[in-house]
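Here's a quick briefing on the fold shown below. Have the viewer open and follow along.

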Amino acid sequence: MGNRVLLVDWDLRLQGLYRNALESEGYSVVTASDPKEALDYLPQGRFDAIVLELEVTNGLDLTYLIEFLGTNRNLKVIINSRRSEEHTSELQSH
């Protein structure tokens, strides 16, 4: 079996695109819609990496990131972050 990736993204359309791309490269992918759900998968098996959508505005996702790393200090974490439309419009108005 190839490398296992835990993919965390609330947007199911993007989750499907990322999953297809990773699987076409030979990765075994487990998906979760949010970090809390992802934490439930960690005890079930070894993951080589987590692709994590991170919403840094609320700070809670950073707490989950610390918990992920607490399960395995060698775990590779790829952070995918995007700005919400609300924050983008605030920046454009200044």
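D9 is buried, with a relative accessible area of 1% (buried means under 20%, exposed over 50%, and partly exposed in between, using a 1.4 Å probe and protein chains only). One thing to know early: this is a predicted model, where local features need pLDDT of at least 70 and side-chain atom pairs count only at pLDDT 80 or more, while totals for chains, interfaces and linings use all residues. Residues are numbered from 1 along each chain as its sequence is written, and side-chain values use heavy atoms, with hydrogens and water left out.

**Around D9**

- D9 sits in the loop between strand 1 (4-8) and helix 1 (12-24); helices (H or I, at least four residues) and strands (E, at least two) are DSSP runs, numbered from the N terminus.
- The D9 side chain gets to the backbone nitrogen of D11 at 2.8 Å.
- L54 is 45 residues away from D9 along the chain, yet their C-alpha atoms are separated by 8.5 Å.

**Overall layout**

- Expect four helices and four strands, which run β-α-β-α-β-α-β-α when you read along the sequence.
- The protein has 94 residues, and 33% of them count as buried.
- Among contacts (heavy atoms within 4.5 Å) with a separation of 6 or more, 66% are between residues 24 or more positions apart.
- About 6,200 Å² of the protein is exposed, with carbon and sulfur atoms supplying 52% of that area; accessible areas come from the Shrake-Rupley method with a 1.4 Å probe, and for residues only the protein chains shown count as cover.

**Nonpolar cores**

- The largest nonpolar core has 15 residues, and L6, V8, L42, I50, L52 and F68 touch the most other members; such a core is a set of buried Ala, Val, Leu, Ile, Met, Phe, Trp, Tyr and Cys residues joined through side-chain atoms within 4.5 Å.
- At least two residues of this core come from each of strand 1, strand 2 (28-32), helix 2 (35-41), strand 3 (49-53) and helix 3 (60-71).
- Helix 3 gives the most to this core, chipping in three residues.
- Skipping its neighbours within four places in sequence, F68 is in contact with P35, A38, L39, L42, I50, L52 and L75.
- Apart from the largest core lies another one, of five residues, including V5, L7, V29 and V51.

**Salt bridges**

- There are two salt bridges here, a salt bridge being a side-chain nitrogen of Lys or Arg within 4 Å of a carboxyl oxygen of Asp or Glu.
- One pairs R19 with E23, with the closest N and O atoms 3.0 Å apart.
- Both R19 and E23 belong to helix 1, where they are four residues apart, about one turn of the helix.
- R19 is partly exposed at 28% relative accessible area, and E23 is partly exposed too, at 36%.
- In the other, the side chains of R46 and D48 meet at 2.1 Å, N to O.
- R46 counts as exposed, with 51% relative accessibility.

Definitions and conventions:
Polar contact = N/O pair within 3.5 Å; in protein donor to acceptor, adjacent residues only side chain to side chain.
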